[in-house]
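Okay, thanks for coming, everyone. Have a look at what's on the screen, and I'll talk you through how the two chains fit together.

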Number of protein chains: 2
Amino acid sequence: MTTLRSDDGYLTLINTFTVDADHAEELLEILDRATTEVLQQQPGFVSANLHLSDDRTRVANYAQWRSRADYEAVFANPAVTDHMRQAAAIAESFDPIVYALRHVHP
Amino acid sequence: MTTLRSDDGYLTLINTFTVDADHAEELLEILDRATTEVLQQQPGFVSANLHLSDDRTRVANYAQWRSRADYEAVFANPAVTDHMRQAAAIAESFDPIVYALRHVHP
């Protein structure tokens, strides 16, 4: 279970992948495996939440990191960048945006 | 506090607004007020979570609805569509995507 609170100070990454609908399940599986095998073990990992759009042409990862430094550090890990390359090869495009969570209702 | 679970059966809406950085706070305020005054009172509303990007050019709403029928019903409410028009007038664009949550880590 993932919890969202505006006072937790986490960095939120929403990465939206555009994908051919026929490859959506494969992309989900790659991202799921990358999370289990590599990302979860990185310092400052809080959560990853993988979503599939209704039309199966988008996969979104809503991820939380303890801090910006923890998030940025993962890119120095070759195991992480290997998995990112695998995901990028299946996706048509991806758009990682870094956010702060400002308001939570209720 | 919002909780994400892959077995809750909720519909997830991720709506990403592109905005001039100088209007980002105003857009956040409009969305926050729309949630408090109107959306929270709608049947099937579960949560709305408003995010501001680092560069202040994107605002993302991560929202949960109990069911597709509940989500679709809100568009018939003039108070909801009024607030949507206000947000659309401030934003440069917006991209509402409907998802199912498939995997939650940890």
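**Salt bridges and the chain contact**

Let's start with a total: over all chains, the rule gives 18 salt bridges. By salt bridge I mean a side-chain nitrogen of Lys or Arg within 4 Å of a carboxyl oxygen of Asp or Glu.

Quick housekeeping: this is a predicted model, where local features need pLDDT of at least 70 and side-chain atom pairs count only at pLDDT 80 or more, while totals for chains, interfaces and linings use all residues. Residues are numbered from 1 along each chain as its sequence is written, chains are lettered from A and ligands numbered from 1 in the order in which they are written, and side-chain values use heavy atoms, with hydrogens and water left out.

One salt bridge inside chain A joins the side chains of A:R56 and A:E25, at 3.3 Å from N to O. That pair ties together distant parts of the chain, 31 residues apart: A:R56 is in the loop between β3 (45–53) and β4 (58–65) of chain A, and A:E25 is in helix α1 (residues 24–37) of chain A. Helices (H or I, at least four residues) and strands (E, at least two) are DSSP runs, by the way, numbered from the N terminus.

Stay on A:R56 for a second, since its phi is near 65°, a positive value in a residue other than glycine. Most residues other than glycine have a negative phi, and most peptide bonds are trans. On that second point, the bond joining A:H105 and A:P106 is cis, with omega about 0°. In chain B, the bond from B:H105 to B:P106 is cis too, with omega near -5°, and B:P106 sits in the segment after β5 of chain B.

Now, A:E25 has a partner across the interface as well: B:R102 forms a salt bridge with A:E25, with the closest N and O atoms 2.8 Å apart. The rule finds 6 salt bridges across the interface of chain B and chain A. You also get 24 residue pairs in polar contact there, both at pLDDT 80 or more. A polar contact is a pair of N or O atoms within 3.5 Å; within protein, one must be able to donate a hydrogen and the other to accept it, and residues adjacent in sequence count only if both atoms are side-chain atoms.

Which element gives the most to the side of chain B that touches chain A? That's β5(B), with 10 residues.

So how much area do the two chains bury between them? About 3500 Å², with 52% of it on carbon and sulfur atoms; buried area is the accessible area (1.4 Å probe) that two parts lose on being put together, summed over both. B:M1, B:Y99 and B:H105 supply 20% of what chain B buries against chain A, more than any other three residues. The contact (heavy atoms within 4.5 Å) takes 40 residues from chain B and 40 residues from chain A.

Strands pair across the chains too: β5 of chain A, residues 93–105, and β3(B) run antiparallel over 6 bridges, where pairing needs at least two DSSP bridges. There, A:H105 has B:A48 as its bridge partner.

Last bit, symmetry. A rotation of 180° with 0.0 Å of shift along its axis superposes chain B on chain A, RMSD 0.0 Å, by least squares on the C-alpha atoms of residues with pLDDT of at least 70 in both. That's the relation of a two-fold axis. In chain B, B:T3 has the C-alpha nearest the axis, 2.2 Å from it. And 100% of the interface residues of chain B are also interface residues in chain A, so the copies meet through the same surface.
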